[in-house]
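Okay, thanks for making time, everyone. I'll put the structure up now and then talk you through a few contacts that caught my eye.

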Number of protein chains: 2
Amino acid sequence: MHDVTGPSDRLLDCVLDLLVAEGYEGISIRRVAAAAGVSIGAVQHHFATKDALLAAAMDRISQQFQERLDRRIAPGAGPPEVLRAVADELVSTGAERRPASVIWLVRMARAAVHEPTAEVHRREWQQVEDLLALLIATARPDLAEQAVRDEATVLLALLDGLAGAVAVEPARVPADRAEALVARHLDALLDPVRPSA
Amino acid sequence: MHDVTGPSDRLLDCVLDLLVAEGYEGISIRRVAAAAGVSIGAVQHHFATKDALLAAAMDRISQQFQERLDRRIAPGAGPPEVLRAVADELVSTGAERRPASVIWLVRMARAAVHEPTAEVHRREWQQVEDLLALLIATARPDLAEQAVRDEATVLLALLDGLAGAVAVEPARVPADRAEALVARHLDALLDPVRPSA
DNA sequence: AGCGTAGCCATACGATCGTATGGTCGTCCA
DNA sequence: TGGACGACCATACGATCGTATGGCTACGCT
């Protein structure tokens with residue numbers, strides 16, 4: 001069994017750690033090298049420029065995100081359960097998930113002013129919305145196509161907003177409350193009329 | 001009638017322009033000075049340090065935001081109309097409002113890694129949620145206190161998420177669609193049962 | 001008239017940045 | 001055995017950064 005993580009992945013993990021700790025402006029070749037315990041030249045050897053390093057770091061979080069998402073979808077449960085699992089993954093509650101939320105915030109802000117980052121972000125978020133729409137359409141076959149699209153967009157925006165709030169304003173929006181609000185929203189979405197038992 | 005904007009406000013506007021154009025890492029004393037057409041010393045004269053300059057810029061957008069919000073509340077319309085107006089202000093659609101959304105994204109990302117920024121952001125967003133809760137409670141006197149709080153938190157998260165999406169992903173979430181989705185959400189919130197006419 | 005001060009500028013200092021260059025190991029293959 | 005090559009390091013270069021310093025002008029007050 002060979003290692004799945006090479007030395008360059010170690011560097012990328014250090015980049016992500018620095019991103020979480022100090023944001024985008026806290027990243028420099030020297031700091032990444034120091035955090036990884038290697039020389040400046042080592043970083044340059046694996047990544048020709050700073051832009052390449054950052055692009056690789058963005059790819060890495062995308063890949064980790066996709067893996068987590070796939071793991072949540074895999075078990076073959078019913079669409080409602082999968083939808084709840086995916087939503088739970090996206091709100092990203094829990095102290096150990098905060099780094100992921102912070103990185104998403106930093107990346108989104110960068111996407112707003114840096115076109116290459118924006119392209120990656122757009123492609124990825126479109127895929128997430130498509131996934132949500134697919135799950136909603138399966139769980140609610142009574143909904144028209146446009147209504148499904150609307151529900152997916154609203155759900156994704158809600159999850160984004162809550163994830164950011166949990167990461168930055170834990171007093172106003174504690175993690176468990178965000179989870180409860182998502183559950184409430186999904187209850188209404190998946191079981192709209194609630195006639196009786 | 002004296003001017004309400006002094007020379008330091010001109011500098012702050014340049015800071016905000018740079019923030020929108022290149023994000024937080026695009027800001028330096030020299031660039032702000034160049035954008036304003038003054039010397040480095042002039043910037044230093046009005047703001048002792050870079051941190052003070054950025055803090056003042058954050059205060060300025062907070063103040064502009066509050067002013068816009070107050071203007072939307074002023075007319076003395078009914079709570080439902082005010083709620084729709086405030087929500088419209090927060091989603092920040094329209095091409096001319098994109099700079100405001102970008103600044104919010106940059107500021108939020110900074111709040112995630114910079115405690116002083118986080119404190120300002122938390123205080124402000126708590127006030128916004130309080131305002132939304134007050135409007136919702138007035139428009140829906142049948143709701144319990146906790147339900148009002150939940151609706152306010154969900155609404156604010158939804159508006160945040162949609163504003164970011166409109167600013168970064170105009171293809172997936174065009175401005176008019178975001179407005180329509182907000183309107184749909186508020187329709188359901190303000191007129192929950194829709195029994196008949 | 002004289003002086004303080006606000007407003008602004010030119011310049012300099014030290015630090016840090018991204019990147020380029022050249023060297024030193026080890027390993028592997030011909 | 002020897003040379004090509006990948007991995008890594010030490011160092012240097014030019015640019016840009018935040019900040020400090022000192023000087024110059026114009027105005028207000030006494």
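Let's start with a lysine and a tyrosine: the charged end of A:K50 is placed over the ring of A:Y24, and the distance to the ring centre is 6.0 Å. Chain B has an arrangement of this kind as well, with B:K50 over the face of B:Y24, 6.0 Å from the centre of the ring. Before I go further, please keep in mind that this is a predicted model.

Now stay with A:K50 for a moment, and look at the DNA. What does the side chain of A:K50 reach on DNA strand C? An N or O atom of that side chain comes to 2.7 Å from a phosphate oxygen of the strand. A:K50 is also one of the closest residues to DNA strand C, along with A:I29, A:R30, B:S39 and B:H46, out of 15 that surround the strand. So you can see both protein chains in that list.

Two other contacts to strand C are worth a look. From chain B, B:H46 puts a polar side-chain atom 2.6 Å from a phosphate oxygen. From chain A, A:Q44 goes for a base instead: one of its polar side-chain atoms is 3.1 Å from a base nitrogen of DNA strand C. Which elements supply two or more residues to this surface? They are α2 (29–36) and α3 (40–46) of chain A, plus α3 (40–46) of chain B. The top contributor is α3(B), with four residues.

How do the strand C atoms within 4 Å of the protein split between backbone and bases? Sugar or phosphate takes 48%, and bases make up the rest. On the protein side, the surface near DNA strand C has five nonpolar residues, seven polar and three charged.

Over to DNA strand D. There are 14 residues around it, and the nearest are A:S39, A:H46, B:I29, B:R30 and B:K50. Of the strand D atoms that come within 4 Å of the protein, 47% are sugar and phosphate. A:H46 has a polar side-chain atom 2.6 Å from a phosphate oxygen of DNA strand D. Chain B handles some base contacts here: B:R30 brings a polar side-chain atom to 2.5 Å from a base nitrogen, and B:Q44 brings one to 3.1 Å from a base nitrogen.

For this strand, α3 of chain A and both α2 (29–36) and α3 of chain B give at least two residues each. It's α3(A) that gives the most, with four residues. By class we get five nonpolar, seven polar and two charged.

Last topic, the aromatics. How many aromatic pairs are there over all chains? The count is six. Take A:F65 and A:W104, which meet edge-to-face, with centres 5.1 Å apart and planes at 75 degrees. A:F65 sits in helix α4 (residues 50–73) and A:W104 in helix α6 (residues 98–113), both of chain A, so the pair bridges parts of the chain that are 39 residues apart. A:F65 is buried, at 7% relative accessible area, and A:W104 also counts as buried, at 19%. Add A:W125 and you have one aromatic cluster of A:F65, A:W104 and A:W125.

In chain B, have a look at B:W104 and B:W125: that pair is tilted, at 5.2 Å between centres and 45 degrees between planes. B:W104 belongs to helix α6 (residues 98–113) and B:W125 to helix α7 (residues 115–139), so the pair ties together parts 21 residues apart in sequence. Both B:W104 and B:W125 are buried.

Note on methods
Residues numbered from 1 in each chain as written. Chains lettered and ligands numbered in written order. Predicted model: local features only at pLDDT ≥ 70, side-chain atom pairs only at ≥ 80, totals over all residues. Heavy atoms only, no water. Phe/Tyr/Trp six-rings, centres within 6.5 Å; stacked < 30°, edge-to-face > 60°. Buried < 20%, exposed > 50% of the residue type's maximum accessible area, 1.4 Å probe, protein only. Lys NZ or Arg CZ within 6 Å of the ring centre and 35° of its normal. Near = heavy atom within 4 Å. Polar contact = N/O pair within 3.5 Å; in protein donor to acceptor, adjacent residues only side chain to side chain. Nonpolar A, V, L, I, M, F, W, Y, C, P; charged D, E, K, R; others polar.
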